[in-house]
Amino acid sequence: MRVGVLALQGTFIEHIGILRQLGVEAHPIRLPHELDTLDGLIVPGGESTTMMKLMESFGLLQPIREMAQDGLPIWGTCAGMVLLAKDVFNYEMETLGLMDVKIRRNAFGSQVDSFEADLEVPLVGEEPFHAIFIRAPIIEEAKLGVKILSRLPDGTIVAIRQNRLLACAFHPEFTDDLRFHSYFLNIVSQKLSHNPEDGILRGSRLGS
Ligand code: GLN
């Protein structure tokens, strides 16, 4: 399993560290050709406008959109979630535009309004997930086909999944809790086992 982490800006080192801890081949991605043969991609937290501009100038936008359409699993954390959304309130920039959600950036205020919370995320396990929110966005509206994975106690949506796309408003890459990363890797392995051609190739490689 080869998982790429967009490495133009933001929390890519933390994501790569956790993937390697989980025994996955993790690659920093900066150029379009590095996307070839990836089984999954993480768009990290950071600053969405900066990341978007860099993706545009490095020629990554179109290839990532096409790979998503072909079913590549992609996970966005915080700024990464902003970039996956189709609709971002009060945001002039274009995004990757992959998930049918409406997002509000910096929804809790400025840096000093950052906070931590123990969230119920039943799909990653029974124990609450300790989530770190830093100038976090929220999901204001999730359209049909978007599954809500977690909410804050006041009902605010903070984690979602749509087919093989996953997004959360917080930073699992800043904690020692590997369950969110494992959940994403499950999506990646399900994709691999559902792609017969890929499965045969991988099976024969493993068998030789
Ligand atoms: N506020 C940032 C943005 O919208 C996201 C912050 C983060 O990733 N921690 O770009």
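This is a short walk through the fold as a whole and then through one helix, helix 2, in a model that is predicted.

Let me begin with the overall picture, where the protein comes to 6 helices and 12 strands, and where the C-alpha atoms fill a box of roughly 55 × 40 × 35 Å along the principal axes. For 208 residues, a compact globule would be expected to have a radius of gyration near 17 Å, and because the protein has 16 Å, the value agrees with that expectation. Buried residues account for 48% of the 208, and if we take the contacts between residues at least 6 apart in sequence, 65% of them join residues at least 24 apart.

Turning to the surface, the protein exposes about 9,800 Å², of which carbon and sulfur atoms supply 51%. As for charge, there are 19 positive and 27 negative side chains, and the centres of these two sets lie 4 Å apart.

Now to helix 2, which spans residues 48–57, and in which Ser48, Thr49, Met51, Met52 and Met55 are buried. Those residues cover an arc of only 165° around the axis, and therefore they sit on the same side of helix 2. What do the buried residues of helix 2 pack against? Their partners are strand 1 (2–6), strand 3 (40–43), helix 3 (61–69) and helix 4 (79–84), so named here with their residue ranges for anyone following along in the viewer. On the face of helix 2 that is turned away from its buried side, we find the exposed residues Lys53 and Ser57.

Terms used. Residues numbered from 1 in each chain as written. Predicted model: local features only at pLDDT ≥ 70, side-chain atom pairs only at ≥ 80, totals over all residues. Heavy atoms only, no water. Helix = DSSP H or I, 4+ residues; strand = E, 2+ residues; numbered from the N terminus. Rg over C-alpha atoms; globule rule 2.2 N^0.38 Å. Buried < 20%, exposed > 50% of the residue type's maximum accessible area, 1.4 Å probe, protein only. Contact = heavy atoms within 4.5 Å. Areas by Shrake-Rupley, 256 points an atom, 1.4 Å probe, with all protein chains shown as cover. Lys, Arg positive; Asp, Glu negative; His and termini not counted. Charge placed at Lys NZ, Arg CZ, Asp CG, Glu CD. Arc of directions from axis to C-beta.
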